[in-house]
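Notebook open, model loaded. I'll jot down what I look up as I go.

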Amino acid sequence: MQDGRPFRFSGPNIEWLGLVGYGPFNFEAGQNERFPSHYEIDDALATAKEMGATVVRAQTLGDSVGCRNCLEPTLGHFNAQAFRVMDYAIARARAYGLKVIPEFQGDARAEHVGSTADIFSSWRGGANFWTDPTVIGDFENHIAHIVNHVNSYTGIPYKDDPTILGWMDCNVCQYLAGDATTSWVSTISGFVKGLDPHHLFMSNASLLAPDAQLVAIPTVDTYSQEIYPHWSPLFGQDPDQVAPAAHQAAAATAAAGKVWLMSEFGWDKTNWATAAELQTFLDGITADRNISGDLFWSLEAHTDGHGWKPVPANEQCQAGAGDTAPPTHPDPSGSGCYTNEDGNWWAFYYTGIPSLSHTAADMAARGQLLRTHAYGMRGMTVPAHSIPPAPKITQIKDGRIYWQGSAGAVDYSIQRSTTGTWNWTTVCNRCVTDQSDGWATTSPGIYRVIPYNLDGRPGPASRSVSSWRRP
């Protein structure tokens, strides 16, 4: 409930808001951990807002340990710059009217030596992360530094900031914790509630439906699961039963007086073969009042300079790359995307790009289904698309103009003037996109870039730049 009214939401996971490249298989894909720029953070949050989101989940706003740019690079030592980046992301989410779900323990890999649990364990000579009191104490110290941290942009302690919807414990850690799961979740949730009794505590430990012992933990408010027909054979589940099982889990959790949501779900072709299948799945979520929210995996953004951020975990879907499972349905591309871990099937770019699993048109169409669903979860009519912000020309090189993309823009026009900034001629009428290699200037002059949204409405033009000088 929020202000006495039911609060239902849909939105994206944006794993990299705190740290780009901190995740499975990023090293093999040639990506190393780096901080996202302010522009990348703002672009992603603006895109989430355009998609109707009210909540985003970001694993790296809490879970990053064991690397130079992590929140906790070495045991008991914390990185002020990493916290500064997290501060900016949370402050900007607040400005966009979005709530954030940080997470303390995930399946990402710092410097590619193991998960959060592996790293804490290695710091104590291999002691068990899930049961050893010393290691649990180390992890609680990590948590306390986050929960008690004061945002350097807003001056608000995280534990007092309503921008944070709740604290999430882990990423389906039952897979690693096994029989220790209930005890560990009880310990960690109790510790967090002792520091911060105001926010929700969210347990994302369950592989499938949370069992009676997990649901009975008094310091846990919400339970969540990750819904992927793609991965269901790994857990002995029929892909066709994934959606029905989600509704059953939601009903059982609600009957126990707790909240149920989807911390992740697949939006793509390897989970739902057609857009119509995805629509049926989304309609089922909207109609089920036992489901309080859902978060698709995973939103990407424009990058600094020009174009889109590269596909994360880009293994090119080759057989043997990452975890494998029997295919949910035949793979017409023969690429391996239907059985492996690879950003080519799950990375989502709002106006659509081609990948090994999708055409640009298919990705864009599924994005509009997600947008309609987000407004439906809020009980709202879908509005017109927002006006994209002004692009920024970043470079004119070898006769080509480059610009930073504009959130929500599907394409751009280029205008040129030779007599001043008041007399413009359109030399490229919506002829370039963020996938284009910029635009080749035909002759010297003053140029500007104009974005257009999916309704064909223009946004404000970029600042004008002369082709005789650098932007």
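Before I place anything in a loop, I note that helices and strands here are DSSP runs, at least four residues for a helix and at least two for a strand, numbered from the N terminus. With that settled, I find Asp-398 in the loop between E9 and strand E10 (400-404). This is a predicted model, so I check confidence next.

**Confidence.** I get an average pLDDT of 91 for the chain, and 92% of the residues score at least 70. I also find two weak stretches. Over residues 27-31 the pLDDT stays under 50, and the model gives that stretch 13 contacts beyond four places in sequence. Residues 320-327 are below 50 as well, with 23 contacts beyond near neighbours in sequence. Note to self: where pLDDT is low, the predicted coordinates should not be read in detail.

**Backbone oddities.** Which residues have a positive phi without being a glycine? I have two noted, Asp-398 at about 50 degrees and Arg-430 at about 55 degrees. I keep them because most residues other than glycine have a negative phi. Asp-398, in its loop between E9 and E10, has a relative accessibility of 71%, so I log it as exposed. Arg-430 lies in strand E12, residues 425-432. Its relative accessible area is 32%, and I put it down as partly exposed, since that class runs between 20% and 50%.

I also looked at omega. The peptide bond from Trp-297 to Ser-298 comes out cis, with omega near 10 degrees. Ser-298 is in the loop between strand E8 (291-297) and helix H10 (343-346).

**H3 against H4.** How do H3 and H4 lie relative to each other? I took helix H3 (residues 116-123) and helix H4 (residues 133-147) and read an angle of about 120 degrees, with the axes 9 Å apart. Roughly perpendicular stops at 115 degrees and roughly antiparallel starts over 145, so I call the pair oblique. The crossing of H3 and H4 is right-handed. From the H3 side I list Thr-116, Phe-120 and Ser-121, which meet Val-135, Asp-138, Phe-139 and His-142 of H4. By class, the residues of this contact come to three nonpolar, three polar and one charged.

**His-373.** Buried or exposed? I get 4% relative accessibility, which makes His-373 buried because the limit is under 20%. His-373 sits in helix H11. Leaving out residues up to four places away in sequence, I find His-373 touching Ser-10, Leu-282, Ile-285, Thr-286 and Asp-294.

**Ile-387.** I place Ile-387 in the loop between helix H11 (360-377) and strand E9 (392-397). With a relative accessible area of 38%, Ile-387 is partly exposed. What does Ile-387 contact beyond four places in sequence? My list reads Asn-453, Arg-457, Pro-458, Gly-459 and Pro-460. I also took a C-alpha to C-alpha distance from Ile-387 to Gln-241: 40 Å in space, for 146 residues apart in sequence.

**Gly-194.** Last entry. Gly-194 is in helix H6, residues 181-195, and I log it as exposed at 62% relative accessibility. From Gly-194 to Lys-49 I read 33 Å, C-alpha to C-alpha, with 145 residues of separation in sequence.

Methods: Residues numbered from 1 in each chain as written. Predicted model: local features only at pLDDT ≥ 70, side-chain atom pairs only at ≥ 80, totals over all residues. Heavy atoms only, no water. pLDDT = per-residue confidence, 0-100. Contact = heavy atoms within 4.5 Å. Axes fitted to C-alpha atoms, helices over the stretch in contact; angles between N-to-C directions. Parallel < 35°, antiparallel > 145°, perpendicular 65-115°, else oblique. Left-handed = near helix turned anticlockwise from the far one by under 90°. Nonpolar A, V, L, I, M, F, W, Y, C, P; charged D, E, K, R; others polar. Buried < 20%, exposed > 50% of the residue type's maximum accessible area, 1.4 Å probe, protein only.
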